[in-house]
Amino acid sequence: MTLGIGGAGCKLAALLDDSAVLVNVSETELAKVPGGGRRILASLHAGKGQFKGSRKDRRLGLDAYLSVKRELLSLIKGNMVFSSTGGGTGNGIVSGILGDLTDEEDISTEDKTFFAFLLPYAKLESSEFISNTSEFLAGPLAGAIDSGNTGNIVLFSNRVKFEKRLSEQKFNQMLIESLKVFLAIPDKNDQFRLLDGHIDHEDFALFSSKPYFNHFTYFDYNPEQSFEKQLTQNCNPLLLAPEAPIEALFLLEVPAGGDPTMFYSIVEYFTDKKVSPIYSVVENPSLKAPFITVSLLYSRKPAELVNDFNIIAENHAQAKVQKSLDQYVSLARLEVNMANKAREEVKLRGEEDVLAILKRLGKL
Amino acid sequence: MSEKLSSHESQELFEAQLSRLGEAHYLVLLWSAKSEGKAWKYNLTNFFDDLKHLGITRTKQTAVAVIEAMASLCFIELRDESNRKNIYITKYGAKALARLLEARRYESKASAYLEV
């Protein structure tokens, strides 16, 4: 099952899963999402009905989480959660979830939650989105990763959407199609003839339950070229770039009659990196060239991610200050002589006559 | 050899004296200056009546203590004239009053005697 939390999270979850559970603080937003299944309205204690979102305020989302906490903590077990990190609802509610997961003693492999977060494109999106994301990465996400109580965490980025000027609908569809390629690995193992190795549903579930960032990608594999070069060239542009992997998994699909031994050079590449990959090789008769799906699990310290975002946020703040200075008139420098000012005040209060008297009397 | 105060030390002494003045001390300087401007005589009894009228004190001893302190500091001069102890502000008292007025440390209050 899939859960979508907040505006962006609901849209993504509904695209992946017709029966996705959608969570939001706004009835209007919930009603607008096409598809998906059950809707859960998290309570904001609003007097006039809940038709507004969290207005980018992650504290509102976190307050609303308390109204659905018990239900959500049971629903996320062993499932997948989608949310954005920039807005108020998704960020706030998922912060609550991650906080509670962090406090758990131990979570079994089958109960681990796979998280997919959509991060704003720092160059072009609002500074609230960036600062919300920084706080989210540095706080609840860092804590949850340290506790080891999450499953894989996928960090989607809005970069391609803005750089290629894509519609939200089209971009969301791209994200989901991309994720589906990764999620299809165990089904392809069931469906196609196995040539080497094996990744069954249990292997895949175990891999997905590991508390690391997951960068998955896929491309036509040319056995004549270095795998490292091809992997570098074919990073998934929809995700944040990966760090050096800790664990890896790949599925190599070869056309009918293709060489089933071409995977050895890929295994060697990973072994050189001190990573023993989980892999399988299958024969896919619909293909004309070998096709590989790779997933790299890496542990980037959230502090480094936060640092990236903070640099951007800082630049935004400086640009805003400069803009304000450019827009508004410059202030003239005020020269204030406190003694003169005090004398003026004395005069205003009608006490100057006392000083005049003393001068007249020759005492001042 | 006797030690003399430098001008800097004198200034320091003046600032220290000034910092210790209370509202009643300020009012005696203010009212004595105003009465002298009108060429009126302002005496200890007038001062006590004014303080009592404003609710600053209910005892004459307090008024006497304020006056004696200010006289000791050479900010006022007390002269026995026609069986009255009349109060005159000195040039040091004038400087102190000017500073207190500029600093707005105390609110200027009206003397019932001088406002008649």
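This is a tour of a predicted model with chains A and B, one selection at a time.

**Stop 1: chain A as a whole**

Select chain A and colour by secondary structure. There are 14 helices and eleven strands in this chain. Chain A has 364 residues, and 46% of them count as buried. Switch on the surface: chain A exposes about 18,200 Å², with 51% supplied by carbon and sulfur atoms. For the contacts in chain A with a separation of 6 or more, residues 24 or more positions apart account for 74%.

**Stop 2: Phe136(A)**

Go to helix 5 of chain A, residues 127-147, and pick Phe136(A). Is Phe136(A) buried or exposed? Its relative accessibility is 1%, so Phe136(A) counts as buried. Now show what surrounds the residue. Apart from neighbours within four places in sequence, Phe136(A) is in contact with Arg58(A), Thr85(A), Asn91(A), Val94(A), Ser95(A), Leu98(A), Phe117(A) and Leu141(A). Draw a distance from Phe136(A) to Thr85(A): the C-alpha atoms are 6.9 Å apart, although 51 residues separate the two along the chain.

**Stop 3: Asn172(A)**

Next, select helix 7 of chain A, residues 168-183, which contains Asn172(A). With a relative accessible area of 6%, under the 20% cut-off, Asn172(A) is buried. Which residues does Asn172(A) touch, if those up to four places away in sequence are not counted? They are Lys11(A), Leu12(A) and Leu15(A).

**Stop 4: two salt bridges in chain A**

Over all chains, a search of the whole structure finds 16 salt bridges. Begin with Arg38(A) and Glu71(A), whose side chains meet at 2.1 Å, N to O. This pair links distant parts of the chain, 33 residues apart. Arg38(A) sits in the loop between helix 2 (27-32) and strand 3 (39-41), while Glu71(A) belongs to helix 3 (residues 58-75). Arg38(A) is partly exposed, at 42% relative accessibility, and Glu71(A) is also classed as partly exposed, at 32%.

Move on to Lys210(A) and Glu247(A), a salt bridge with an N to O distance of 2.7 Å. Lys210(A) is in the loop between helix 9 (201-208) and strand 8 (213-220), and Glu247(A) is in strand 9 (residues 247-254), so the salt bridge ties together parts that are 37 residues apart in sequence. The 20% cut-off falls between the two partners: Lys210(A), at 19% relative accessibility, counts as buried, whereas Glu247(A), with a relative accessible area of 21%, is partly exposed.

**Stop 5: chain B as a whole**

Hide chain A and select chain B, which has six helices and two strands. Follow chain B along the sequence to find the pattern α-α-α-α-β-β-α-α. Of the 116 residues in chain B, 39% are buried. The accessible surface of chain B is about 6,700 Å², and carbon and sulfur atoms hold 51% of it. Contacts between residues at least 24 apart make up 62% of those in chain B that join residues at least 6 apart in sequence.

**Stop 6: a salt bridge in chain B**

Pick Lys109(B) and Glu23(B), which form a salt bridge with the closest N and O atoms 2.7 Å apart. Lys109(B) is in the loop between helix 5 and helix 6 (112-115) of chain B, and Glu23(B) is in helix 2, 86 residues apart from Lys109(B). Both partners are partly exposed: Lys109(B) at 25% relative accessibility and Glu23(B) at 24%.

**Stop 7: where the chains meet**

Show chain A again. The contact takes 18 residues from chain B and 14 residues from chain A. About 1,400 Å² is buried between the chains, 63% of it from carbon and sulfur atoms. Select Leu101(B), Glu102(B) and Arg104(B): they supply 39% of the area that chain B buries against chain A, more than any other three residues.

How many salt bridges are there between chain B and chain A? The count is one. To see a salt bridge between the chains, select Lys363(A) and Glu36(B), whose side chains meet at 2.6 Å, N to O. Three residue pairs are in polar contact between the chains, with both residues at pLDDT 80 or more.

Finish with the side of chain B that touches chain A. Helix 2 (23-37) and helix 5 (91-103) of chain B each supply at least two residues of this side. Helix 5 gives the largest share, seven residues. By class, this side of chain B has nine nonpolar, three polar and six charged residues.

Conventions. Residues are numbered from 1 along each chain as its sequence is written. Chains are lettered from A and ligands numbered from 1 in the order in which they are written. This is a predicted model: local features need pLDDT of at least 70, side-chain atom pairs count only at pLDDT 80 or more; totals for chains, interfaces and linings use all residues. Side-chain values use heavy atoms; hydrogens and water are left out. Helices (H or I, at least four residues) and strands (E, at least two) are DSSP runs, numbered from the N terminus. Buried means under 20% relative accessible area, exposed over 50%, partly exposed in between (1.4 Å probe, protein chains only). Contact means heavy atoms within 4.5 Å. Buried area is the accessible area (1.4 Å probe) that two parts lose on being put together, summed over both. A salt bridge is a side-chain nitrogen of Lys or Arg within 4 Å of a carboxyl oxygen of Asp or Glu. A polar contact is a pair of N or O atoms within 3.5 Å; within protein, one must be able to donate a hydrogen and the other to accept it, and residues adjacent in sequence count only if both atoms are side-chain atoms. Ala, Val, Leu, Ile, Met, Phe, Trp, Tyr, Cys and Pro count as nonpolar, Asp, Glu, Lys and Arg as charged, and the others, Gly among them, as polar. Accessible areas come from the Shrake-Rupley method with a 1.4 Å probe; for residues, only the protein chains shown count as cover.
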